[in-house]
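Take a look at the protein below. Start with the overall fold, then search for the place where the surface opens into a pocket.

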Amino acid sequence: MSKDSRENECGPDYFGYWKHLFLDLLSPNGGALLPLKESDTEPAAGTCSVGGNGSVSYFSEALGKGLSELKKEKLNLILKQSISCLNNEADEMLDNISAAFQLEADLRGKELLGCYASASKEDLSVHSGHRKRKAPSSPMSSYPDNHTLQTAKQVYDAIQALQGSGEIGHEAVEKYLNEMLLKLGKIEVDLEDFLNVLVSKCRPMTIAEKRRLGRLVQKLPSKAVDRLAEIIKDRNPATNQNSDTIQVDFEELDDVTLWRLHFYVENVAKANRLHT
């Protein structure tokens, strides 16, 4: 199978695109990273950065140390754009899966299937916000907005194409859902790889920061611990996969795992602050 045919089957390789931009920016051949002495990245045991006002700063300049201000701006832009793009892709996948589940529910009741197949421009414009008169009563009006209606129509057409002629059945919907779930699983795998590539370019974590991270992990809410265990197990295959508990020595973990844990703990803390 050619590269083009694989791309048409799986869709654009967004992860590969953003990974390429990121690695190209940080490529030593391009002079993006300046050579750092060991003393610049690994302070003595138990120490950390101290600001002019005496405040202690942990985890500062994790990524992009040694970059020029221009390249730091480019790095921030790449990260922001990649997050926005990947969020949109994941949201689209989830919308399609939700629409397929709704179609499955409608199929059981034999109620709305005919509406998807025969939906006209007038039906779709009902939700556009430019109505000049009250829309006629229709099952299509049960959809809260034009985006949801459009998604349902597109998913119906995709399932119809999978089945061929005739009214769609449970098997066609199930096949479509399985394909979507497989694609969603691939997105998850690609995202893990992308995150590992990003943090692989972080500076080494100091001993003081490792100890600080260990204390922060102990403060995590119980519901957040499972994901933390997943990160450690995924990065350390030798870890006992069947054990309900993991003994972690933060000073022995590799830097990629440590920074993955740090950013996860940071995101959990931000989410908790938003809900308080």
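This briefing covers the fold, the surface and the largest pocket.

The model is predicted. The protein chain has 276 residues. Its secondary structure comes to eleven helices and two strands. The largest pocket has a volume of about 990 Å³.

**Fold**
- Along the sequence, the pattern of the protein chain is α-α-α-β-β-α-α-α-α-α-α-α-α.
- Three helices come before the two strands, and eight helices follow them.
- Contacts in the protein chain with a separation of 6 or more can be sorted by distance along the sequence; 72% of them join residues 24 or more positions apart.

**Burial and surface**
- Of the 276 residues in the protein chain, 32% count as buried. Here, buried means under 20% relative accessible area.
- The protein chain has an accessible surface of about 17,600 Å².
- Carbon and sulfur atoms hold 51% of that surface.

**The largest pocket**
- Rolling a probe the size of a water molecule over the atoms shows where empty space is left.
- The largest pocket, with a volume of about 990 Å³, is lined by 33 residues.
- The lining residues closest to the centre of this pocket are Ile-83, Leu-195, Leu-198, Phe-263 and Asn-267.
- Four elements each give two or more residues to the lining: α4 (69-109), α8 (170-199), α10 (222-235) and α11 (255-274).
- Which element gives the most to the lining of the largest pocket? The answer is α4, with eleven residues.
- By class, the lining has 17 nonpolar, eleven charged and five polar residues.

Conventions: Residues are numbered from 1 along each chain as its sequence is written. This is a predicted model: local features need pLDDT of at least 70, side-chain atom pairs count only at pLDDT 80 or more; totals for chains, interfaces and linings use all residues. Side-chain values use heavy atoms; hydrogens and water are left out. Buried means under 20% relative accessible area, exposed over 50%, partly exposed in between (1.4 Å probe, protein chains only). Contact means heavy atoms within 4.5 Å. Accessible areas come from the Shrake-Rupley method with a 1.4 Å probe; for residues, only the protein chains shown count as cover. On a 1 Å grid over the protein atoms alone, a cavity is a set of points where a 1.4 Å probe fits but cannot get out, and a pocket is an open set with protein on both sides within 12 Å along at least five of seven lines; lining residues have an atom within 4 Å of a point. Grid points are joined across faces, edges and corners, and a volume is the space filled by probe spheres set on the points. Ala, Val, Leu, Ile, Met, Phe, Trp, Tyr, Cys and Pro count as nonpolar, Asp, Glu, Lys and Arg as charged, and the others, Gly among them, as polar.
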